[in-house]
Amino acid sequence: MSDAPGDVAAYYEQNTRMFLRFGRTGDIGAIHRELWAPGVGTVAEAVDHAHVLIGAQLPEIASPRILDLGCGVGGSLCQLLLQRRGEGVGLTISPTQAGLARQRAEAAGLADRCTFLCGDFTDPPKLEPFDLAFAIESFVHGPDPARFFQAAAGLLRPGGRLVVIDDVLSPSPPPEAARHLDAFRRGWRVSSLEPPDALRQHAEQAGLTCVGDQDLTPWLRLWRWRDRAVAVAVVGLGWLPIPHPYWASLTGGHALQVCLSRGWLTYRMVLFERPRSSDPKAPDS
Ligand SMILES: C[S@@+](CC[C@H](N)C(=O)[O-])C[C@H]1O[C@@H](n2cnc3c(N)ncnc32)[C@H](O)[C@@H]1O
């Protein structure tokens with residue numbers, strides 16, 4: 001299985017433009033799933049709903065500092081900064097994405113309020129502390145969950161929050177889940193698929209407290225017509241060694257649909273806070 005940051009970077013270097021062309025990212029330019037929460041009526045609102053959830057975690061201060069860990073092409077950070085005052089930094093492992101994110105910020109008139117950097121969120125550059133950090137569908141790609149939380153904790157000010165929206169492993173998936181989970185890991189270059197308790201433990205070891213956990217799976221729309229078409233292609237052609245990275249994303253996406261619909265994975269928003277009186281814990285090694 002490929003799990004080094006370099007493999008994930010190559011995956012996004014090769015696939016980002018395809019995701020933007022064929023995904024329903026709309027004008028927002030967010031590479032994540034739609035959330036059809038109560039009251040959400042359009043695709044644009046469903047793509048934006050993750051930002052509504054994250055925005056609700058921002059402190060009531062004049063100009064919060066926001067960090068997007070795994071920022072894609074900058075859609076989420078730009079969307080938050082268009083709605084609220086403040087400034088932000090986005091970090092992505094893909095140079096192509098960092099460049100597209102800078103262009104997006106420039107076009108939105110946000111270039112003086114946000115910076116997009118190419119780098120690994122488990123080994124981030126030194127930055128001024130943030131009031132809120134978030135990771136949408138990026139945590140699972142990380143090479144090491146413990147280092148992800150240590151790095152995030154080190155970038156938060158005391159009282160700052162971390163929001164992780166991602167796929168989480170069910171506590172005890174049955175044996176028949178294994179091949180589908182492996183197909184998801186392989187296809188989407190996933191290395192940090194963890195059950196909820198393990199997430200909390202990693203976070204606590206880094207000095208963060210879990211302050212919320214919401215299952216968002218009921219708001220996903222599984223097995224849309226497009227997913228059904230992909231299922232037919234994957235089942236029919238899965239035996240062919242098709243080397244294109246977009247094909248890997250389709251096979252991984254199909255396996256993900258199976259795992260979510262059978263409850264082996266859930267899509268969650270987990271909230272963490274750096275206590276006001278704490279120092280982030282140093283990594284063990
Ligand atoms: C599915 S995309 C989500 C992008 C963005 N969060 C959004 O919602 O539009 C996953 C993102 O995680 C980033 N990523 C994966 N591993 C990373 C790492 N080790 N360090 C920084 N970014 C990473 C990828 O570059 C990509 O931008």
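Two strands are said to pair if DSSP finds at least two bridges between them. That term is needed for the strands of this structure, which is a predicted model.

**Strand β1 and its partners**

Strand β1 covers residues 65–69, and five of its five residues are buried, so the strand is largely enclosed by the rest of the structure. Its side chains point in two directions: R65, L67 and L69 one way, I66 and D68 the other. The residues of both groups are buried.

β1 pairs with two strands described here. Strand β4, residues 130–136, runs parallel to β1 and is joined to it by three bridges. Within this pairing, I66 of β1 stands opposite L132 of β4. Strand β2, residues 87–92, also pairs with β1 in the parallel sense, over five bridges. Here the bridge partner of R65 is E87 in β2.

A helix belongs to the same part of the description. Together with β1 and β2, helix α3 (residues 75–83) makes a β-α-β unit, and this unit is right-handed.

**Helix α1**

Helix α1 spans residues 5–22, which is 18 residues. From its first C-alpha to its last it reaches 24 Å, close to the 26 Å expected at 1.5 Å a residue. The helix has a bend of about 50° at N15. N15 is also one of the buried residues of α1, and the others are V8, A9, Y11, Y12, T16 and F19. What do the buried residues of α1 pack against? They pack against three helices: α4 (95–107), α6 (178–188) and α9 (245–261).

**Two loop residues with positive phi**

E137 has a phi near 55°, a positive value in a residue other than glycine. R189, likewise not a glycine, has a positive phi near 55°. The table gives the place and the relative accessibility of each residue.

| Residue | Phi | Loop | Relative accessibility |
|---|---|---|---|
| E137 | near 55° | between β4 and α5 (145–155) | 11% |
| R189 | near 55° | between α6 and α7 (196–205) | 18% |

Are these loop residues buried or exposed? Buried means under 20% relative accessible area. E137 has a relative accessibility of 11%, so it counts as buried. R189 is buried because its relative accessible area is 18%.

The loop of E137 begins after β4, the strand that is joined to β1 by three bridges. The loop of R189 lies between α6 and α7, and α6 is among the helices against which the buried residues of α1 pack.

How values were computed: Residues numbered from 1 in each chain as written. Predicted model: local features only at pLDDT ≥ 70, side-chain atom pairs only at ≥ 80, totals over all residues. Heavy atoms only, no water. Buried < 20%, exposed > 50% of the residue type's maximum accessible area, 1.4 Å probe, protein only. Helix = DSSP H or I, 4+ residues; strand = E, 2+ residues; numbered from the N terminus. Right-handed = clockwise from strand over helix to strand, strands pointing away. Expected span 1.5 Å × (residues − 1). Bend = angle between axes of the 7 residues up to and from the residue. Contact = heavy atoms within 4.5 Å.
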